[in-house]
Amino acid sequence: MKRTLLVTSLFIGWFAYFLTTPVPTGFENPWKIRIFEGLFDLQQKFALWGDFFGYDSWINLTRRVSVPPGFPDRYLYDQVEVTNDVFDGIPIRIFKSIAALRPEPLPAMIYYHGGGWVLGSLDLYDPLGRRLAIESGIAIITIEYRLAPENPFPASLEDCYKVTLQILRRASELGIDRSRVVIGGDSAGGNLAAAIAQRMKRVDPPFLAQILLYPVMQSFDFQLPSYRKNWTPIVNGAHVPPFFLLYMFGSYNLSFVDAMYRGAHLSASVRERYSRFVDYRRLPPRFRQDYVEPTRPPVDEEIARVLEPYILNPEIHPLMSEDLTGLPEAIVVTGDHDVLRDEGTLYAVRLKDAGVAVQHWHYEHGFHGMIIFTEEPFRFATGMNVLKDMSKFMREKTRTAA
């Protein structure tokens, strides 16, 4: 009885902590995000405890309990035709709105899901695929690419590349108009979409557009203003280095995480040569208000030697590409309450410098993962707005290209 009372008290105290966490003034539905943050943290705690007691790794346990945040509306299942297939051993899922079905091929979006290259699945992104198909009227194709740490770089990228090529080659068989294809993704999926766009920029016919939703684009500088904000839900700055290391190497060392986060992971010569790609001074003034450039700690030369070839590889970090010319039109989506806000913004700036047609959609109430927060009880107006805006863009873009 005493043990039960103690556990219950600890749980109530822990959950009360999240319910009283300060949320920036004006944030949409502060109670809703507090409750979700509490449940999300509880999920992570159980995964870590399971790992500690030897039940399974925290990654596998997290994957097992990862479900869409909310309960999808019934009509999403009644109004969408779904086809599952396997291309080169990689599962894909194709969503087509029944109302949009025509004898002629449909335009399509190839969507690479988020999850830090470690999490995410076709099922987790199933409600999003259905909603996008209904809202846009085009085919939506999602890909179950291999995940780290079991399959580190370049496995995820190569899977996405191979499947994308197969989709283009088999477009008529899939009922897709090859000349009207958009690519995109969120978070790590936005990273993959940007890398695919760079790798395939000479494909003919070209992609109509790339839609990059709060993409993770660099691990050059984890002291950008958005990384130093006091409050960013779902993902904070400390989360990003471990996921990058899992993606790059299949494991992570805490000394590497610490060096990356503090900025001790790059030599002075590399920082001097490439800092122009990650220059906080090119951010909008509001983004860098009250920002003080940090003093850089001494470089860990051993860590720098290991990491620098990866940090500068644009297929891992698209922001570090020397040449961004000739890329398809881009929509870059950022949120004010997202740790990745600044690198997405800087990528939009660099695309514009390179002569690429680019639109930067910034959402004042936006946060990391917002595109999948479209189902109750965790539906946010911002998530719905992003979904509707990108659907409208794809609808109009593919119509004018017909």
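These legends go with four close-ups of a predicted model.

**View 1. An open sheet built from eight strands.** Going across, the strand order is 1-2-4-3-5-6-7-8, and the pairing is mixed. Strand 1 (80–87) and strand 8 (358–367) sit at the edges with a single partner strand each, so one side of each has no neighbour in the sheet. From one strand to the next, the twist averages 20 degrees. As a reminder, strands of a sheet pair through backbone hydrogen bonds, either parallel or antiparallel.

**View 2. Strands 3 and 4 side by side, with helix 5 packed on the sheet.** Strand 3 (residues 106–112) and strand 4 (residues 139–143) run in the parallel sense and pair over four bridges. Look for M109, whose bridge partner in strand 4 is I140. Helix 5 (residues 126–136) touches strand 1, strand 2 (90–97), strand 3 and strand 4. The direction of helix 5 makes about 35 degrees with that of strand 2.

**View 3. Helix 14, residues 381–400.** This helix has 20 residues and spans 28 Å from first C-alpha to last, close to the 28 Å expected at 1.5 Å a residue. Its buried residues include T382, G383, M384, V386, L387 and M390. Further along, S391, F393, M394 and T398 are buried too.

**View 4. Where helix 5 crosses helix 14.** The two axes come within 8 Å and cross at roughly 50 degrees, so helix 5 and helix 14 count as oblique to each other. The crossing is right-handed. Helix 5 brings L128, R131, L132, E135 and S136 to the contact, while helix 14 supplies M384, L387, K388, M390, S391, M394 and R395.

Note on methods: Residues are numbered from 1 along each chain as its sequence is written. This is a predicted model: local features need pLDDT of at least 70, side-chain atom pairs count only at pLDDT 80 or more; totals for chains, interfaces and linings use all residues. Side-chain values use heavy atoms; hydrogens and water are left out. Two strands pair if DSSP finds at least two bridges between them. Helices (H or I, at least four residues) and strands (E, at least two) are DSSP runs, numbered from the N terminus. Axes are lines fitted to C-alpha atoms, for helices over the stretch in contact, and angles run from 0 to 180 degrees between N-to-C directions. Contact means heavy atoms within 4.5 Å. The expected span of a helix is 1.5 Å times one less than its number of residues. Buried means under 20% relative accessible area, exposed over 50%, partly exposed in between (1.4 Å probe, protein chains only). Angles under 35 degrees count as roughly parallel, over 145 as roughly antiparallel, 65 to 115 as roughly perpendicular and the rest as oblique. A crossing is left-handed if the near helix is turned anticlockwise from the far one by less than a right angle, and right-handed if clockwise.
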